[in-house]
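Let's take a walk through a protein model together. Have the sequence and the 3D view open side by side, and we'll go from the open spaces to the charged pairs.

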Amino acid sequence: MNAVSKSSLRNEARARRATLTRADFADAIAQFADRLPIAPGAVIAGYHPIRDEADPRGLMSALGRRGHVLALPVVAAANAALVFRQWNEGEALKPNAYGIAEPLPSAMEIVPDIVLVPLLAFDAVGHRLGYGGGYYDRTLDSIRASRSVLAVGVAYAGQEIAQLPREAHDHRLDWIVTENGARAFTTHGG
């Protein structure tokens with residue numbers, strides 16, 4: 001797929017996502033915390049939502065109450081993998097150059113076992129359409145070079161589309177959590 005058509009798909013997905021925003025989303029997905037295959041004490045990297053992103057904070061809060069360590073991403077450098085810093089609910093955050101809330105530089109760097117991933121769209125086999133910066137793909141590459149990590153998309157159910165283009169560097173999601181439930185993607189199907 002060429003850059004123009006992928007860019008067009010991103011614009012369409014952004015517009016669609018904006019119509020799906022719901023105030024009770026974070027609470028709705030919290031109830032699915034027990035459905036995810038997470039080992040006791042696992043490190044869960046979430047994200048602080050911006051604009052109309054699906055809000056993972058209810059799920060993060062539920063996982064934190066179950067004893068999991070929470071972390072948020074930090075953009076350390078352009079075109080590099082994200083760094084994750086430990087974060088607890090209520091701790092101060094600071095906006096980065098993109099306006100995204102990040103933990104303070106004094107917070108400890110940690111490597112997650114589970115990464116909650118924002119997205120514009122996803123399909124039935126776990127392909128995701130991100131924002132085009134490649135941060136999450138580089139991050140998953142970096143972590144998976146030395147250990148396993150589960151990529152869990154967080155989205156509104158209406159963000160699912162029939163099929164997404166996939167490039168060689170794109171990482172598939174292992175799971176998706178929407179207001180309708182949590183589901184695993186199979187390891188086959190492209």
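The lining of the largest pocket is a mix of 13 nonpolar, seven polar and 10 charged residues. Before we poke around in there, keep in mind that this is a predicted model. The volume of this largest pocket comes to about 620 Å³. Which of its 30 lining residues sit closest to the centre? Look for Arg-128, Tyr-131, Gly-133, Tyr-135 and Tyr-136. If you'd rather find the pocket by its elements, α1 (3-18), β2, β8 and α4 each give two or more residues to the lining.

Now for the closed spaces. The structure has two cavities of 30 Å³ or more. The largest cavity holds about 50 Å³ of space. Around it you'll find His-127, Arg-128, Asp-137, Pro-165, Arg-166, Asp-170, His-171 and Arg-172. Sort that lining by class and you get five charged residues, two polar ones and one nonpolar one.

The second largest cavity has about 40 Å³ of space. Its lining is made up of Val-117, Arg-128, Tyr-136, Asp-137, Leu-140, Ala-151, His-171, Arg-172 and Leu-173. By class, that's five nonpolar residues, three charged and one polar. Which element gives the largest share of this lining? That would be helix α4 (residues 135-144), with three residues. Arg-128 is worth a second look: you meet it in the lining of the largest cavity, in the lining of the second largest cavity, and among the residues closest to the centre of the largest pocket.

Next, find Asp-123, in the loop between β7 (121-122) and β8 (128-129). Asp-123 is buried, yet it has no salt bridge. How far away is the nearest side chain of opposite charge? That side chain belongs to Arg-172, and it is 6.7 Å away, while a salt bridge needs the nitrogen and oxygen to be within 4 Å. Asp-123 does have contacts with the backbone, though. Its side chain reaches the backbone nitrogen of His-127 at 3.0 Å. A polar atom of the Asp-123 side chain also lies 3.0 Å from the backbone nitrogen of Leu-164.

So where are the salt bridges? Search the whole structure and you'll find 11 of them. Start with Glu-167 and Lys-6, whose side chains meet at 2.5 Å, N to O. This pair links distant parts of the chain, with Glu-167 in the loop between β9 (150-154) and β10 (175-178) and Lys-6 in helix α1, 161 residues apart. Are the two partners buried or exposed? Lys-6 is buried because its relative accessible area is 9%, under the 20% cut-off. Glu-167, at 33%, counts as partly exposed.

Another salt bridge joins Arg-183 and Glu-160, with the closest N and O atoms 2.9 Å apart. Here too the pair links distant parts of the chain: Arg-183 is in strand β11 (residues 181-184), Glu-160 is in the loop between β9 and β10, and they are 23 residues apart. Arg-183 counts as partly exposed at 33% relative accessibility, and Glu-160 counts as partly exposed at 31%. Some salt bridges also share partners, and in that way Lys-6, Glu-167 and Asp-170 are joined into one network. You may remember Asp-170 from the lining of the largest cavity.

One more pair to find is Arg-22 and Asp-24, a salt bridge with its closest N and O atoms 2.7 Å apart. Arg-22 is partly exposed, with a relative accessible area of 31%, and Asp-24 is partly exposed as well, at 38%.

Let's finish with the backbone. Most residues other than glycine have a negative phi. Arg-51, however, has a positive phi, near 45 degrees. You'll find Arg-51 in the loop between β1 (43-45) and α3 (57-65), and it counts as exposed because its relative accessible area is 71%, over the 50% cut-off. Asn-79 isn't a glycine either, and its phi is positive at about 60 degrees. This residue is in the loop between β2 (69-74) and β3 (83-86), and it is exposed, with a relative accessible area of 62%. For contrast, look at Val-74 in strand β2, which is buried at 10%.

Note on methods
Residues numbered from 1 in each chain as written. Predicted model: local features only at pLDDT ≥ 70, side-chain atom pairs only at ≥ 80, totals over all residues. Heavy atoms only, no water. 1 Å grid on protein atoms, 1.4 Å probe; cavity = no way out; pocket = protein on both sides within 12 Å on 5 of 7 lines; lining within 4 Å. Points joined across faces, edges and corners; volume = space filled by probe spheres on them. Nonpolar A, V, L, I, M, F, W, Y, C, P; charged D, E, K, R; others polar. Helix = DSSP H or I, 4+ residues; strand = E, 2+ residues; numbered from the N terminus. Buried < 20%, exposed > 50% of the residue type's maximum accessible area, 1.4 Å probe, protein only. Lys, Arg positive; Asp, Glu negative; His and termini not counted. Polar contact = N/O pair within 3.5 Å; in protein donor to acceptor, adjacent residues only side chain to side chain.
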